[in-house]
Amino acid sequence: MRRPSATAVYYGLNVVLRMPTWVVMAVYLVQELHFSPLQLVLMGTAMEAAVFLFEVPTGVVADTYSRRLSLIVGYLGTGLAWLLVGVVSAPWLIIALWALWGFFYTFTSGAEQAWIADEVGAENVGTIFLRGARYGQAGAVVGLLLQVAVGTQSLRAGVILGGAFTIAAGLACIFVMPETGFRRRPRDERGSALTEMRSTALAGARYAWAAPVILLLVGVELFMGASSEAFDRLKEAHFLRDVGLPGGIDPVVWFGILWLAGLVLNIAAIGSLIKRVDRGGRESVAWYLFAFTFFELVAMLAFGLTGSIWLAVAGILGVFFARNLAGPLYDTWLNAQIRDSSVRATVLSISGQSNAIGQAAGGPVLGVIGNVWGIRTALAAGAGAIAPALALFARALAHQGREPELEQLPLAPAVD
């Protein structure tokens, strides 16, 4: 059977992998299992601790052995962990399962971007990342409608369906995912498995350390990770416990409407952003990323502090809008700095590990703030953590056009 092109597979993965929605999961945890703010944040902290521990090692696996194999393992594992959250009820077991989800997620983090960059060329991924995000929004709409429909009858079944989507993506990759851009070194040039992985890890770390923009972007992820934990875990609880919902609407339906509105808004906006990035090039990517990050800070602060349901709606939609457009721009800018394919997944994983450190360190603090001073205060504190990220973005912008030349960077051994 002739496999589809890498670009088609990447777009298809964006559709299917965005179908699992956190909406049903969040309502299930808050309304049916009665998780406290601290338990919600600890769930995320356990996941991010696993990401911190395994992000770079699994990135090294992708660089040393196979991006495709790493992605298949990651998709199957995250799908199974998500599905099992819908099967059990004990908080400690759900927290452990979410840590397992984080472990398997590290097999996909960095490997996915590295795989498509190798297949199509790093210079061509900017538009592909943005178009992939657009396909992902469409998949999220379909998944949201399906899971909310199931969730109105059974929240537990809605959670299980979300895991099934990701498992299906992993099974499909076994049969249709190509891998032509990645090459392992010949067997006679390779050492033991441990030696190969250690060599790749050190090469990736040296490469990141030698590139100022990469270091600044890794620092950005540290603060964005700390900021995101409060919003990601407490936004539904903020509506349910502080702001309130319109009378007579099932919570899962209400959150489904909010997420659907955010997805439609992003689908419409991405088309315009693609055209602007095509015209403006790399410099426009950096400036748009800075602008969307600033907008996220303002929107998150408004969402956390308001008591008005409609201002809260505007704030949460603003955060969705800024995040979903900033994500592919960040991936584009970071990939543009990595000119040695043999360490691409490792360097991307270092960025992901920085985000995990931010979430793991900031999450418990924000959870305690939520328990002691309330969810509003925790959300406002999370918004404030974005400010240092903006300062680092400004430094990175100042380096535009002054990145080290390829020959100045410590490249890993060539891959034949």
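In the predicted model, a search of the whole structure identifies 24 aromatic pairs. One of these is formed by Phe239 and Phe303, whose ring centres lie 5.6 Å apart with an angle of 50° between the planes, so that the pair is classed as tilted, given that stacked pairs require planes under 30 degrees apart and edge-to-face pairs over 60. This pair connects distant parts of the chain, since Phe239 belongs to helix 10 (residues 212–243) and Phe303 to helix 11 (residues 251–305), with their positions 64 residues apart. Phe239 has a relative accessibility of 0% and therefore counts as buried, and Phe303 is likewise buried, with a relative accessible area of 0%.

A further aromatic pair is that of Phe295 and Phe321, which adopts an edge-to-face arrangement with 6.0 Å from centre to centre and 80° between the planes. Because Phe295 lies in helix 11 and Phe321 in helix 12 (residues 309–337), the pair ties together parts that are 26 residues apart in sequence. Phe295 is partly exposed, its relative accessible area being 40%.

Beyond individual pairs, one aromatic cluster is formed by Phe231, Phe239, Trp254, Phe255, Trp259, Phe303, Trp310 and Phe320; Phe239 and Phe303, the residues of the tilted pair, are thus both members of this cluster.

Turning to a polar residue, Gln113 is located in helix 6 (residues 111–120) and is buried, because its relative accessible area of 16% falls under the 20% limit. When neighbours within four places in sequence are left aside, Gln113 is in contact with Thr108, Phe129, Asp331, Asn335 and Leu348.

Key. Residues numbered from 1 in each chain as written. Predicted model: local features only at pLDDT ≥ 70, side-chain atom pairs only at ≥ 80, totals over all residues. Heavy atoms only, no water. Phe/Tyr/Trp six-rings, centres within 6.5 Å; stacked < 30°, edge-to-face > 60°. Helix = DSSP H or I, 4+ residues; strand = E, 2+ residues; numbered from the N terminus. Buried < 20%, exposed > 50% of the residue type's maximum accessible area, 1.4 Å probe, protein only. Contact = heavy atoms within 4.5 Å.
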